[in-house]
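User: Please take one part of this entry, the place where protein and nucleic acid meet, and describe it closely. I would like a connected account rather than a list, with the cut-offs stated as you go.

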Protein chains: 2
Amino acid sequence: MSTSERLIESTRELLWERGYVGTSPKAILERAGAGQGSMYHHFRGKPDLALAAIRRTADEMWATAEAVLDGPGTPYERITAYLRREREALRGCPVGRLTMDPDVIADDALRAPVDETLDRLREHIAQIVEEGKEQGEFAPGLDGEEIAAAVVATVQGGYVLARAAGSPTAFDAAVRGLLALLAPPTR
Amino acid sequence: MSTSERLIESTRELLWERGYVGTSPKAILERAGAGQGSMYHHFRGKPDLALAAIRRTADEMWATAEAVLDGPGTPYERITAYLRREREALRGCPVGRLTMDPDVIADDALRAPVDETLDRLREHIAQIVEEGKEQGEFAPGLDGEEIAAAVVATVQGGYVLARAAGSPTAFDAAVRGLLALLAPPTR
DNA sequence: GTCTATAGCGGGATAGAC
DNA sequence: GTCTATCCCGCTATAGAC
């Protein structure tokens, strides 16, 4: 793997573990096994490297989610698959957690990939809910955008509950609770 | 207000705005209008002061939530009141955001107030859901603990969506989505 | 109790050798 | 391209005067 690749991958790991404010160039370099010069040769500085890392993490998360949501099954089953997908709840969401980083929120360039990813995710789920309404799986009165927001929020909030408790249990409970409310009556 | 009070209040504000890692003793002292000596006289250091601040914020949040949840109305109405309560979605949850702070999660003493507050909140809502089941407002098949987890997760995740988008809209959408799913059929 | 002075360490970036 | 040396500044804490 090239030095620049190692820098990006190390940054992704550290951003996930410690966030933007908690991640220092020094820590990145140590993990990547590179010197100062390499980083400032390939990137303009910490924000530039972080942007590359965040973009990649966001793209990866979107691809994973899309694959599950576009899998086989009815709309309800596909949303269930998304919510039940294996997650390391205690690690939190590598994208969502960045929203609690003041320096990320303050920088439009850093926030953009986060915003776009969560937005696309909501829109995609909203469309699946609309499909479900057409097929009679969901009540016609439901608003796809609202249900999608609740689905994504449950996942993001599930991470908060799990990390607070130091146990993934609460994440799973939240998912089960939402799925119980969303379940078609004829099941 | 005493110096020690001003230190705690300044710390609460900064923890909310910038998190634990992003908050320096220097910034606290500047906001409180105090010198180094005052802080190290009243507190052993940053973690000790942060603990006092976190405890107070957690207690306050619990008191506010309890007041709304124990207000008038049916169980569904009380949960609705909790979810619809005025929130500054873009600021995030002063308690929940701490779960994304690596140094808070790594320190059991700092994490404890966060854990206890979210846990108590879930238990209280779970009990309200059970009441709603007894009164026939909620379907008997629902699990109170799971619904409560979904409710709290929706709020916490709503903050994530709002901060990502730079707008409170997504928070409100998630809340409306969950309430639509939770609504008693006979409304 | 509160202040200033000081200290050691690490963050973030630049310079220039190789 | 990558390295080390160096810089300036801010973080966190201690010491000691008042």
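Analyst: **The surface facing the DNA**

In the side chain of A:H42, an N or O atom is 2.6 Å from a phosphate oxygen of DNA strand D, which falls under the heading of a polar contact (a pair of N or O atoms within 3.5 Å; within protein, one must be able to donate a hydrogen and the other to accept it, and residues adjacent in sequence count only if both atoms are side-chain atoms). The model is a predicted one, in which local features need pLDDT of at least 70 and side-chain atom pairs count only at pLDDT 80 or more, whereas totals for chains, interfaces and linings use all residues; side-chain values use heavy atoms, with hydrogens and water left out. Residues are numbered from 1 along each chain as its sequence is written, while chains are lettered from A and ligands numbered from 1 in the order in which they are written.

Staying with DNA strand D, A:S38 places a polar side-chain atom 2.9 Å from a phosphate oxygen, and from the other chain B:P25 brings a backbone N or O atom to 3.3 Å from a phosphate oxygen of this strand. Two or more residues of the surface near DNA strand D come from each of α3 of chain A and, in chain B, α2 (25-32) and α3, where helices are DSSP runs of H or I of at least four residues and strands are E runs of at least two, numbered from the N terminus. The largest share, 5 residues, belongs to α3(A). In total 16 residues surround the strand, and A:G35, A:G37, A:H42, B:P25 and B:Q36 are the closest, a residue being near when one of its heavy atoms lies within 4 Å. Of the strand's atoms within 4 Å of the protein, 62% are sugar or phosphate and the rest belong to bases. By class, this surface holds 3 nonpolar, 11 polar and 2 charged residues (Ala, Val, Leu, Ile, Met, Phe, Trp, Tyr, Cys and Pro are nonpolar, Asp, Glu, Lys and Arg charged, and the others, Gly among them, polar).

DNA strand C also has 16 residues around it, and those that come nearest are A:P25, A:Q36, B:G35, B:G37 and B:H42. Of the atoms of DNA strand C that come within 4 Å of the protein, sugar and phosphate make up 66%. Phosphate oxygens of DNA strand C are approached by polar side-chain atoms of A:S24, at 3.1 Å, and of A:Y40, at 3.0 Å, while from chain B an N or O atom in the side chain of B:T3 is 2.7 Å from a phosphate oxygen of this strand. Here the elements giving two or more residues are α2 (25-32) and α3 (36-42) of chain A, together with α3 (36-42) of chain B, and it is α3(B) that gives the largest share, 5 residues. The surface near DNA strand C divides into 3 nonpolar, 11 polar and 2 charged residues.

Within chain B, B:H42 has a neighbour in B:S4, which is found in helix α1 (residues 3-18). The two are 38 residues apart in sequence, yet their C-alpha atoms are 6.4 Å apart in space. Leaving aside residues up to four places away in sequence, B:S4 touches B:H42 and B:F43 (contact means heavy atoms within 4.5 Å).

UniProt, in an unreviewed entry, lists residues 24-43 of chain A as "DNA-binding region", an annotation that may be inferred rather than shown by experiment. That span is 75% helix and 0% strand, with its end C-alpha atoms 14 Å apart. The unreviewed entry also places "domain: HTH tetR-type" at residues 1-61 of chain A, a stretch that is 77% helix and 0% strand.

As for the two chains, a turn of 180 degrees with a shift of 0.0 Å along the axis lays chain B on chain A with an RMSD of 0.0 Å (least squares on the C-alpha atoms of residues with pLDDT of at least 70 in both). That is the relation of a two-fold axis. Between the chains, 43 residues of chain B are in contact with 43 residues of chain A, and because 100% of the interface residues of chain B are also interface residues in chain A, the copies meet through the same surface.
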